[in-house]
Amino acid sequence: MTLVTFSYGKDGVIKECKANGHAGFSKKGSDIVCAAVTILFRTAIQVISQIEGVECKADISSRGNLAFRVDLNNREQAAVIRLCCAMDFLRVGIESLTREYPENVQMREIINDF
């Protein structure tokens with residue numbers, strides 16, 4: 001099972017995303033559900049990393065674990081809008097996977113005080 005966690009600040013802006021575990025749909029290395037989670041995360045990380053005023057610290061060093069942290073260095077509207085769009089892309093993609101493969105992917109969202 002892959003658990004995807006989205007953590008938001010109390011302002012509603014995304015702060016951190018994590019995907020942990022293998023989906024278990026198929027054997028490691030040929031699991032289409034794991035591949036889908038990976039491509040969604042990697043694309044979001046690449047897009048977020050290109051947003052001016054946003055720092056994205058990613059950890060993609062081990063199989064079965066993907067994570068990134070977002071630091072918004074300024075509150076310029078363009079940066080916030082682009083960040084929100086990138087996160088909408090990731091969240092909608094993961095939600096779609098949870099509906100299609102509920103035994104393989106779960107998602108949770110957390111509001112933190114940071």
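Q: Why is Asp88 called partly exposed?
A: In this predicted model, Asp88 has a relative accessible area of 38%. Buried would need under 20% and exposed over 50%, so at 38% Asp88 falls in between and is partly exposed.

Q: What makes Arg91 count as buried?
A: Arg91 has a relative accessibility of 17%. The cut-off for buried is under 20%, so Arg91 is on the buried side of the limit.

Q: How do you know that Arg91 forms a salt bridge with Asp88?
A: The closest N and O atoms of Arg91 and Asp88 are 2.6 Å apart. A salt bridge asks for a side-chain nitrogen of Lys or Arg within 4 Å of a carboxyl oxygen of Asp or Glu, so the pair qualifies. Arg91 and Asp88 are three residues apart in helix α2, which means about one helical turn separates them.

Q: What else is buried in α2?
A: Alongside Arg91, the buried residues of α2 include Ala79, Leu83, Ala86, Met87, Leu90 and Ile94. Among the elements that cover the buried residues of α2 are α1 (32–49), β3 (54–62) and β4 (65–72).

Q: How do you know that the reach of helix α2 is close to the expected one?
A: Helix α2 spans residues 77–100, 24 residues in total, and its first and last C-alpha atoms lie 34 Å apart. The expectation at 1.5 Å a residue is 34 Å, so the two values agree closely.

Q: Why are α1 and α2 described by how they lie to each other, roughly parallel or roughly antiparallel?
A: Two packed helices are described by the angle between their axes and the distance between the axes. Here the axes of α1 and α2 come within 10 Å and cross at roughly 180°. Angles over 145 degrees count as roughly antiparallel, so α1 and α2 are roughly antiparallel to each other.

Q: Which residues of α1 and α2 meet?
A: From α1, the residues involved include Ala36, Val37, Leu40, Phe41 and Val47; from α2, they include Arg82, Phe89, Leu90, Gly93 and Leu97. In this contact of α1 with α2, 14 residues are nonpolar, two are polar and one is charged.

Q: How many salt bridges does the structure hold?
A: There are four salt bridges in the structure. Side chains of opposite charge can pair when their charged atoms come close.

Q: What makes the pair of Asp71 and Lys57 a salt bridge?
A: The closest N and O atoms of Asp71 and Lys57 are 3.8 Å apart. The limit is 4 Å, so the pair is inside it. Asp71 belongs to strand β4 and Lys57 to strand β3, so the pair ties together parts that are 14 residues apart in sequence.

Q: What makes the pair of Asp71 and Arg69 a salt bridge?
A: For Asp71 and Arg69, the closest N and O atoms are 3.9 Å apart. Since the requirement is within 4 Å, this pair counts as well. Glu55, Lys57, Arg69 and Asp71 are linked in a network of salt bridges.

Q: Why do Asp71, Lys57 and Arg69 get the accessibility labels they have?
A: The relative accessibility of Asp71 is 22%, while Lys57 has 45% and Arg69 has 30%. The band for partly exposed lies between the buried limit of 20% and the exposed limit of 50%, so each of these residues is partly exposed.

Q: Why is Cys56 called buried?
A: Cys56, in strand β3, has 17% relative accessibility, and the limit for buried is under 20%; therefore Cys56 counts as buried. Leaving aside neighbours within four places in sequence, Cys56 is in contact with Ile45, Ile48, Ser49, Phe68 and Arg69.

Q: What makes Ala67 partly exposed?
A: The relative accessible area of Ala67 is 22%. That is not under 20%, nor is it over 50%, so Ala67 is partly exposed. Ala67 is part of strand β4, and not counting residues up to four places away in sequence, it touches Cys17, Lys18, Lys57, Ala58 and Asp59.

Q: How far apart in space are Asn20 and Ala67?
A: Although 47 residues separate Asn20 and Ala67 in sequence, their C-alpha atoms are 8.4 Å apart. Asn20 lies in strand β2, and at 36% relative accessibility it counts as partly exposed.

Definitions and conventions. Residues numbered from 1 in each chain as written. Predicted model: local features only at pLDDT ≥ 70, side-chain atom pairs only at ≥ 80, totals over all residues. Heavy atoms only, no water. Helix = DSSP H or I, 4+ residues; strand = E, 2+ residues; numbered from the N terminus. Buried < 20%, exposed > 50% of the residue type's maximum accessible area, 1.4 Å probe, protein only. Contact = heavy atoms within 4.5 Å. Axes fitted to C-alpha atoms, helices over the stretch in contact; angles between N-to-C directions. Parallel < 35°, antiparallel > 145°, perpendicular 65-115°, else oblique. Nonpolar A, V, L, I, M, F, W, Y, C, P; charged D, E, K, R; others polar.
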